[in-house]
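Trainee: Could you take one part of this model and look at it closely, and then work outwards from there until its surroundings are clear? I would like one connected account, with the cut-offs stated as you go.

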Amino acid sequence: MTEPVKTRRVVVVGGGVSGLSAAYTLARARQAGAPIEEVLIESNPWLGGVVRSESVEGFLVEAGPDSFLAEKPEAAAMARELGLGDDLMGSNDHARRTYILHHRRLVPLPDGLMFLVPTRIWPMVTTGLLPLSAKLKAAGEMFSSPPATEKEDESVASFVKRHFGRAMVENIADPLLAGVYGGDAEALSMRSVLPRFWEMERKHGSLTRATLEAVRHRGTDGKNSSGSAAGNPQSGKLPLFMTLKGGLQQMTQKLAAQLDKYRIFLGRKVLTLEFAPGGPGGLGDSCSRRFLINCESYKAYDADAVILALPARHASGLIAPLDHRLSGLLEGIPYSSSMTVSLGFDEKVRAALPPGFGFLVPRKEQRRMLACTFVHAKFDHRAPQGKALLRCFLGGTRDPDILSMFDEAVLEGVRRELKAILKIDAEPIFYRIHEWPDSMAQYAVGHKTRVGAIEERLHDLPGIYLAGNAYSGIGISDCIRTGRAAAEKALDQVAPGWRGTQKSEGSK
Ligand SMILES: Cc1cc2nc3c(=O)[nH]c(=O)nc-3n(C[C@H](O)[C@H](O)[C@H](O)COP(=O)(O)OP(=O)(O)OC[C@H]3O[C@@H](n4cnc5c(N)ncnc54)[C@H](O)[C@@H]3O)c2cc1C
């Protein structure tokens, strides 16, 4: 007589897009016959983490992320899988133009700039963004590229300086990284943040030659890139960004809807994680252990596997009693805090705005704003007909103190800067301020080595898995990928061979 298969419990801690993707993957496996139950624990009374969309007076405001890069396929694939395919929409790339605030004026990024690499001569020759010396250095990069560094990693600033000079760092790379990561080119790792260019240098020497070659092969149009696609010459006809008509929260809501509501625990902060009493052997093999998850209000759950889909610092605190060294490695991943300020304006303001997706602000301009997106231009369905929606991005490593300011002072400061930069004096129809403390992981120089060490430690801690933006990409697609991968690993651990069972049953 065969023994009944025991149901194993996998607990996901953290209900942002990473944790939701993990829990969803587990739920799908359970529905397909895996002998598991999934539990999701989230400290907020809501799910979605930093993904939040809000309708205000006919405008659609994204409090956190507003889109994902189309070249990374996981987010669009997940949307389709959830039945949201018809709601996917691309950015209005025909109207794409990004400005840099340069000596208090908005100057467009030169056409053909693939993140940092110039692919067209004339726009580079005529741009007011770079001095003659930088233009000459950029032109020369094609013929006399610097030798690749022997080091394991270097900062983005150092790498870009070697290839294109300091002005390219100050006027283009640093504002792009501040606008995307809330980060600093002097601190961020080239190898982890822009791995494609790191590899290009190793293979081809000159980034310009390699990019031009790739453009020729793929036949992309090489238009002015706002940068966060890192100018991927392989992106073909895809739009640069994609989002959902009703906001990105559509996706987190759909993910949550696929889960069993009796297995979701909201408003329950996990305080500690420990090995369950009884020692190894919980799963019938000698090395696996069970875990005890203690939450606020004296609630506790036991688990055969735990997925920590949390900012690394929070995961570090929970892991400390299990593996002190691993906890230290996680603690060492820095985060930046940020703030978004969204403002709706009437038709007059919209008509007076320059065409394009918005602007970025270099450090030397000494503004609080890091970037401003003209949301109504970047995507359809974000503002009522003819009206304008501006989203300003503040904080980052450049200005962490912004989070301690009162809303009135923030609003006043933002309006003052919009007046100085865009000449907007009008009262906004509405405004919304959203704060995101310690929300964006900063991949500092050496990040890849740190992640390698984390993976090694995890290898000796079966049953514990990590997901989220701290490891191999901070975008929505990266979070979905890491959430799903963590769930697959947990399934392999607690229910090895369930897919085999499913197949043999299916073939009966
Ligand atoms: C302002 C902003 C703009 C962004 N813009 C973009 C963009 O346009 N495109 C893009 O691709 N990416 C963007 N990102 C990045 C991307 O949104 C995030 O990396 C991603 O959403 C993080 O998801 P997550 O689930 O890993 O983490 P989170 O969303 O941070 O979720 C973690 C969850 O864990 C919970 N938690 C923490 N500790 C505990 C505990 N002890 N017990 C229980 N629960 C706990 C938290 O409450 C939270 O809900 C942006 C991020 C921010 C902040």
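**Asn 294 and its surroundings**

Mentor: If neighbours up to four places away in sequence are set aside, Asn 294 is in contact (heavy atoms within 4.5 Å) with Lys 269, Val 270, Leu 271, Thr 272, Glu 274, Lys 299 and Ala 300. The model is a predicted one, in which local features need pLDDT of at least 70 and side-chain atom pairs count only at pLDDT 80 or more, whereas totals for chains, interfaces and linings use all residues. Residues are numbered from 1 along each chain as its sequence is written, and side-chain values use heavy atoms, with hydrogens and water left out.

Asn 294 belongs to strand E14, residues 291–295; helices (H or I, at least four residues) and strands (E, at least two) are DSSP runs numbered from the N terminus. With a relative accessibility of 18%, Asn 294 counts as buried, given that buried means under 20% relative accessible area, exposed over 50% and partly exposed in between, for a 1.4 Å probe and protein chains only. One of the residues it touches, Glu 274, is also joined to it side chain to side chain by a polar contact of 2.7 Å. Such a contact is a pair of N or O atoms within 3.5 Å; within protein, one must be able to donate a hydrogen and the other to accept it, and residues adjacent in sequence count only if both atoms are side-chain atoms.

Strand E14 begins at residue 291, and Phe 291 is among the residues touched by Ile 464, together with Leu 273, Val 306, Leu 308, Ile 319, Leu 322 and Leu 458, again without counting residues up to four places away in sequence. Ile 464 and Leu 308 have the most contacts inside the largest nonpolar core, which has 75 residues; a nonpolar core is a set of buried Ala, Val, Leu, Ile, Met, Phe, Trp, Tyr and Cys residues joined through side-chain atoms within 4.5 Å. Helix H6, residues 166–181, gives the most to this core, with nine residues. Apart from it lies another core of 47 residues, including Leu 47, Ala 79, Leu 84 and Ile 480. In soluble globular proteins, nonpolar side chains tend to be buried together.

Ile 480 also leads to Met 78, whose contacts, leaving aside neighbours within four places in sequence, are Ser 21, Tyr 24, Met 251, Leu 255, Ile 480 and Arg 484. Met 78 sits in helix H2, residues 74–81, and is buried, its relative accessible area being 0%.

A further element to compare with Asn 294 is strand E19, residues 369–374, which is largely enclosed by the rest of the structure, since six of its six residues are buried. Strand E19 runs antiparallel to E18, to which three bridges join it, and Phe 359 stands opposite Cys 372 in E19; two strands pair if DSSP finds at least two bridges between them. Strand E20, residues 388–395, is likewise antiparallel to E19, here over five bridges, with Phe 374 opposite Leu 390. The loop between E18 and E19 holds Gln 366, which has a positive phi of about 55° although it is not a glycine and which, at 71% relative accessibility, counts as exposed. Asp 438, in strand E21 (residues 430–441), has a positive phi of about 45° and is not a glycine either; its relative accessible area of 32% makes it partly exposed.

The ligand is surrounded by 34 residues, the closest being Ser 18, Glu 42, Ser 67, Ile 474 and Ile 476, where a residue is near a molecule if one of its heavy atoms lies within 4 Å of it. Oxygen atoms of the ligand lie 2.6 Å from a backbone N or O atom of Ile 474, 2.8 Å from a polar backbone atom of Ile 476 and 3.0 Å from a polar backbone atom of Val 50.

As for confidence, pLDDT (the predictor's confidence in each residue, from 0 to 100) has a mean of 91 over the chain, and 92% of the residues reach 70 or more. It stays under 50 over residues 220–235, for which the model has 56 contacts beyond four places in sequence. The pLDDT is also below 50 over residues 281–286, a stretch with 11 contacts beyond near neighbours in sequence. Where pLDDT is low, the predicted coordinates should not be read in detail.
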